[in-house]
Each structure stands twice: as C-alpha cells, then as structure tokens.
Amino acid sequence: MNREFRLYNTLTKKVEPLSLIEPGHLRFYSCGPTVYSYAHIGNFRSFLTADLILRTAQALGWKTTYVTNITDVGHLTNDDMIDASGEDRMASALQSSAGERFANVWDLSRHYSAALQSDWQTLNLLEPDVRPRATEHIREQIQTIERLLSCGAAYQTSSGVYFSVESFADYGKLSGNKAAESLELAVRDVVVDPEKKDPRDFALWKKDADHLMQWHSPWGWGFPGWHIECSVMAQAYLGDEIDLHAGGEDLIFPHHECEIAQSEALTGRPFSRHWAHTRFLQVEGQKMSKRLGNFLTVKDLVHERGVPPLAVRLALISGQYRKPFNFTFATLRDSERHVKRFREAFRLAKEAHDRGAEGSSTIAETLKNRHQAVLNALLDDLNTPAAIAQALGGVRTILQSRNQLGVHAYSFMNHVSDLLGVVPQTADLRNQSLRMALGVGKPEGSIPKNDVPQNSRIEELIQARTVARNARDFATADKIRDELLKMNIVIEDSASGTSWHKKSNI
RNA sequence: GGUGACGUGGCCGAGUGGCUAGGCAGAGGCCUGCAAAGCCUUGUACGGCGGUUCGAAUCCGCCCGUCACCUCCA
C-alpha cells in the first residue's frame with residue numbers, strides 16, 4: 001500500500017507529503033530548548049510534535065535519523081545589543097533566586113539539561129539519535145563563520161561578525177518578513193550597532209571578553225550568535241540538505257529564517273525541504289506566564305501534583321499541533337481517565353495473549369481497522385484528536401468484549417502504544433502507589449512521599465472493611481470507606497478483591 | 001502598521017458541498033449490599049450578514065470576535 005505522510009509545510013503554506021531525499025529514510029532536525037530553567041509544558045508540546053512525527057515515520061517502516069539539540073550557550077536577550085555585558089538568559093538565571101545554588105553558568109546548564117532529559121523520559125518521548133550541545137560545536141561554528149566571511153555573506157565590525165541579509169535574495173521566504181522597513185518600524189529602545197550595514201543583519205559572533213561563556217576565535221574572545229548553532233549541528237549530523245526541520249512557531253522568525261540564510265548562502269542548496277511548526281499553547285485560556293502563575297512544568301504536574309505522566313502526555317497531544325490549544329485541568333482529568341482505560345485494555349489484551357487465546361475473528365477485524373484508522377489520522381497532518389478517538393474506539397471494543405479477546409487485541413494495543421505512547425505497559429498497576437512505595441515495578445502514576453507506613457495503614461483499613469463486608473456489617477464497611485476517602489484514597493471492589501488508588505489533586 | 005492562524009452543542013475537540021467523529025459533563029438503565037469501575041441508551045451544533053448551488057456548518061465576499069509572530073520565548 002502506498003502511504004503518504006502529509007504535513008503542513010510552513011515554507012509552502014500547504015499540507016503536502018513529506019518527500020524524502022533518500023526514499024525510506026527521514027532526516028529530521030528539531031530545535032531544542034535553551035537550558036536556563038525547567039522545561040515547561042509548552043516546550044513539550046513542541047517536542048511531542050517531533051516525537052509523533054518520528055513514531056509515525058517508523059510505523060511506515062522508514063528509517064529515521066533524528067537530531068535535537070540542547071542550547072547551552074547563554075545568548076543575549078536582544079541580538080542587537082552592543083552592550084554585550086548586558087542581559088543574557090543564562091546569566092540572569094544564575095542571578096535569580098533559583099540560580100543561587102549553582103556555582104556558575106556551566107553548572108546551571110548541566111543541571112537543567114539533566115532535568116530536561118529526565119522529563120523527556122517521564123513523558124515517554126523517544127530518544128533522538130543525537131542530542132548535540134551548542135558548546136560542544138563551537139569549533140565548527142567558528143569554521144562556518146569563516147566560510148561565510150570568505151564567500152562574502154558576512155562582514156566584521158568592531159563588535160562582532162554579522163550575516164549580510166542583503167547578500168541572500170531569498171531572505172524572508174519562510175516567514176514572509178521581507179521588508180527591512182518592518183523591522184525598523186518596530187519601536188525599539190535598544191542600542192543598535194552603528195556599524196551594521198542593514199538593520200536586518202544578525203550576529204554570527206559577538207566579541208566580548210567579559211561574557212560568562214567565551215571562546216577564542218579569529219575575531220578575539222567572544223561567543224557565537226544564536227542562529228548559527230542549529231545550521232552547524234544539523235549539517236554536521238544530517239548533511240547539507242535535510243528532509244524536515246521542526247520547532248515552535250516563535251522560531252519561524254527570526255531563528256529559522258536566519259538558519260536558512262546561513263545554510264543556503266553556504267551550500268547553495270535548500271537547507272530543509274519541509275518545515276513544521278507547533279503553535280503555542282495557552283493555559284486555562286491565558287498565555288502561559290510566570291506572572292499569572294500558570295507557568296506549568298512537567299516537574300510541577302508530575303512530581304508535585306501527582307498527575308500520571310502519560311496523562312500529561314495525552315493531554316498535550318489532545319489538540320492538533322497546528323491549532324491553538326488551550327491546556328486545562330479539565331482536559332488533564334479526562335486524560336487521566338483515558339490513560340486508565342488504555343491501561344485496563346492493555347492488561348486484558350496481554351492476559352488474552354499470555355494464555356494464547358484465539359479470540360473472535362470479528363473483533364480481530366474491527367481492531368485491525370481501528371489500528372489503520374489511528375495511523376491514517378496521524379498521516380493526515382498529525383491529526384492527533386482523530387487518532388485518539390480511533391484508539392479509544394478500539395479500547396472500548398476490548399473492554400466490552402473481554403471474554404472474546406485474542407492475540408490480535410494485544411497486537412492492537414502495542415500498535416497504539418508505539419504510535420501514541422500513551423499506554424501504560426506495566427503488567428498490573430493496581431495499587432500502584434503501594435507498589436511504588438515498595439519499589440515494585442516502574443511507576444506510571446504519582447510519586448508518594450515517604451508513604452510506606454501510610455500504605456500499610458491503608459491495607460489494614462481495607463482488610464478491616466473486607467471483614468465487615470463479609471459479615472454483612474455494611475455500616476462499618478461504609479464508615480471505613482469514608483475514612484479512606486478523607487485520606488484521599490478511592491477504593492474499588494471487584495471479583496478479584498478490593499483495590500485502591502490515590503485521588504490525584506488536579 | 002506588516003504577517004499568519006482560528007471561531008462547531010454545557011466543555012474539550014474531529015470533519016467538511018448531501019452520509020453518526022470521539023471524549024468529558026448531564027439524563028435514564030444494567031451490574032453492585034451501597035458505591036466506584038465497566039457496559040447499554042440518550043438530548044443539544046456549526047460567530048453574524050450576504051452570495052454561488054438542486055442543496056453549505058463545509059465554497060466566495062464582507063463584518064464581528066479570539067489568538068499568535070514581527071522583540072527573548074517551544
């Protein structure tokens with residue numbers, strides 16, 4: 001079957017099939033964050049877009065080479081500032097109250113990049129083939145700048161090296177920001193390097209012997225401009241011409257526009273065939289900001305508020321990446337419920353598989369169709385809401401036909417898991433809080449703190465309630481249940497006994 | 001001022017010239033000692049005004065509203 005993977009291309013403003021330079025092999029670069037604080041859910045919405053693209057490509061049987069960087073150079077908050085001793089994001093993070101514990105910017109970036117990778121795993125994102133760091137590619141960046149200078153695309157001033165936008169006719173083809181005037185129109189109260197030839201020109205190298213991070217270059221001590229690192233690292237690991245480049249919508253301009261200018265000025269070939277950008281999310285209808293107190297990180301949600309990580313993941317992909325998305329706690333609660341259904345369906349399917357059940361052929365057919373529908377939805381510009389609806393349709397089939405399941409159900413759940421990454425796979429996660437406290441299995445849910453004594457107390461109460469129920473003393477049994485509820489413990493009776501879970505506080 | 005996106009039922013969110021998206025919440029039922037979970041049934045819709053058409057939520061125009069980028073941001 002011939003299958004196209006259709007994605008919106010920012011460059012052509014159309015949804016079009018990914019066309020690969022080498023058939024069957026996707027070369028893909030996704031812009032990672034600057035590690036000056038904990039990554040927030042908005043960062044992860046964007047990383048999840050890349051993750052889903054990767055999973056979909058792999059489901060098509062494509063080979064993938066996936067590179068996503070870590071920006072660990074503290075770039076200036078404004079490219080035009082001549083006073084380079086001024087604000088730099090990592091330097092200001094170091095001076096903030098959260099930054100006090102770090103010895104220096106290197107220590108700070110190490111801490112936050114470790115945190116990023118931990119959150120990455122928590123949300124079940126696939127590992128990239130390479131995760132390069134800007135600071136480990138300074139030499140290549142310097143070499144690239146030298147080449148840009150020698151081919152006339154860049155020039156030097158007393159404060160740095162700039163890319164000459166005038167020398168690159170296609171500047172603006174990605175963002176539509178072609179007019180130099182539009183950049184001048186914007187009111188700016190910053191100092192502009194008076195030696196710049198064109199206001200659109202951007203820095204490739206900043207000369208600064210006082211900057212917290214600095215390297216030696218042919219132009220003296222200093223540090224590279226923001227845009228050059230991605231051009232250099234993409235080329236180093238993926239070649240001059242790549243298939244797909246992704247990032248958040250804010251990167252369209254200036255970052256990606258500048259990357260195109262640098263790379264194409266150098267090679268004379270298209271830098272990336274396809275560009276995919278993820279829209280910003282809002283939180284409860286408002287722009288996410290520290291000031292409004294709605295600045296959510298994975299760390300807050302999972303480790304402080306006890307939200308199951310896969311519920312966070314599901315909530316973040318419940319809207320299509322290209323549409324405005326409003327992240328709400330109501331969505332998060334829905335997602336938590338759905339993750340439970342996925343888990344239960346997986347458990348039933350695995351049971352059927354383990355006992356080698358053949359199951360109903362009608363159900364096998366239904367699930368096979370559902371699986372195709374999930375994949376088709378993703379192939380259609382990553383239509384995650386439709387894909388999730390199809391996956392839940394299959395889950396419903398499994399839950400309502402639990403006695404007729406066979407290996408096909410297990411296969412369906414594994415396909416869904418591979419595609420969407422929202423299926424908890426630990427064999428039996430009932431009483432998971434207890435299991436975690438006892439160090440059994442890998443936690444999928446909340447992380448209780450120092451809970452072992454509390455957990456044995458819960459088990460005692462449940463046992464007492466079972467005794468009361470067996471004696472048909474329901475008054476006592478209900479009293480115990482109320483007591484547990486006050487401890488934020490919800491119980492469920494079933495044929496195989498009573499299980500419990502913590503009420504998440506969202 | 002420039003560029004782009006979006007407005008679907010109580011809520012979140014697909015779809016798209018005639019054919020049920022899905023979920024959450026609500027209502028009724030099955031199950032249960034009672035709950036919870038699960039299962040079954042179920043109502044409500046396409047921002048406004050024009051136009052094209054046999055027929056438009058779906059195409060076109062205008063208007064209203066929301067958001068984003070152009071300045072650090074995923």
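**Warm-up**

Is Glu 351 buried, partly exposed or exposed? Glu 351 has a relative accessible area of 38%, so it is partly exposed. The classes are buried under 20% relative accessible area, exposed over 50%, and partly exposed in between (1.4 Å probe, protein chains only).

This is a predicted model: local features need pLDDT of at least 70, side-chain atom pairs count only at pLDDT 80 or more, and totals for chains, interfaces and linings use all residues. Residues are numbered from 1 along each chain as its sequence is written, chains are lettered from A and ligands numbered from 1 in the order in which they are written, and side-chain values use heavy atoms, with hydrogens and water left out.

**Exercise 1. Describe the chain as a whole.**

Step 1. Take the secondary structure. Chain A has 16 helices and 16 strands. Helices (H or I, at least four residues) and strands (E, at least two) are DSSP runs, numbered from the N terminus.

Step 2. Take burial. Chain A has 506 residues, and 52% of them count as buried.

Step 3. Take contacts, meaning heavy atoms within 4.5 Å. Among the contacts in chain A with a separation of 6 or more, 74% come from residues 24 or more positions apart.

**Exercise 2. Locate the largest nonpolar core and state why it lies between two domains.**

Step 1. Fix the term. A nonpolar core is a set of buried Ala, Val, Leu, Ile, Met, Phe, Trp, Tyr and Cys residues joined through side-chain atoms within 4.5 Å.

Step 2. Find the core. The largest one has 128 residues. Phe 44, Phe 327, Phe 342, Met 413 and Leu 420 have the most contacts inside it.

Step 3. Assign domains. Domain 1 (19-278) and domain 2 (286-420) both contribute residues, so this core lies between them. The bounds come from an automatic or database domain assignment.

Step 4. Zoom in on Met 413. Leaving out residues up to four places away in sequence, Met 413 touches Phe 342, Ala 345, Phe 346, Ala 349, Val 395, Ile 398 and Val 423.

Step 5. Check for another core. A second, separate core has eight residues, including Ile 458, Ile 462, Ile 480 and Ile 491.

**Exercise 3. Test the geometry of helix α16 and find its buried face.**

Step 1. Compare spans. The expected span is 1.5 Å times one less than the number of residues. For the 13 residues of α16 (residues 474-486) this gives 18 Å, and the end C-alpha atoms are 18 Å apart, which agrees.

Step 2. List the buried residues: Ala 477, Ile 480 and Leu 484.

Step 3. Look down the axis. The buried residues fall within an arc of 65°, so they line one face of α16. The arc is that of the directions from the helix axis to the C-beta atoms.

Step 4. Turn to the other side of α16. Ala 475, Lys 479 and Lys 486 are exposed there.

Step 5. Go past the end. Asn 488, just after α16, takes a positive phi of about 70°.

**Exercise 4. Place three salt bridges in the fold.**

Step 1. Set the criterion. A salt bridge is a side-chain nitrogen of Lys or Arg within 4 Å of a carboxyl oxygen of Asp or Glu. The structure holds 22 of them.

Step 2. Start inside one helix. Glu 351 pairs with Arg 347, with the closest N and O atoms 2.8 Å apart. The two are four residues apart in helix α10 (residues 329-354), which means about one helical turn separates them.

Step 3. Move to two helices. Arg 457 and Glu 483 form a salt bridge at 3.5 Å between the closest N and O atoms. Arg 457 lies in helix α15 (residues 452-470) and Glu 483 in α16, so the pair ties together parts 26 residues apart in sequence. Arg 457 is partly exposed at 37% relative accessibility, and Glu 483 is partly exposed at 33%.

Step 4. Finish in the loops. Arg 269 and Asp 240 meet in a salt bridge (3.7 Å, N to O). Arg 269 sits in the loop between α7 (252-267) and β11 (272-278), and Asp 240 in the loop between α6 (228-238) and β10 (242-248), 29 residues apart.

**Exercise 5. Characterise the surroundings of Tyr 112.**

Step 1. Place the residue. Tyr 112 lies in helix α3 (residues 105-122).

Step 2. Classify it. Its relative accessible area is 4%, so Tyr 112 is buried.

Step 3. List neighbours beyond four places in sequence. Tyr 112 touches Val 35, Tyr 36, Ser 37, Tyr 38, Ala 98, Arg 101 and Phe 102.

Step 4. Pick one pair. Tyr 112 and Val 35 are 77 residues apart in sequence, yet 5.4 Å apart in space, C-alpha to C-alpha.
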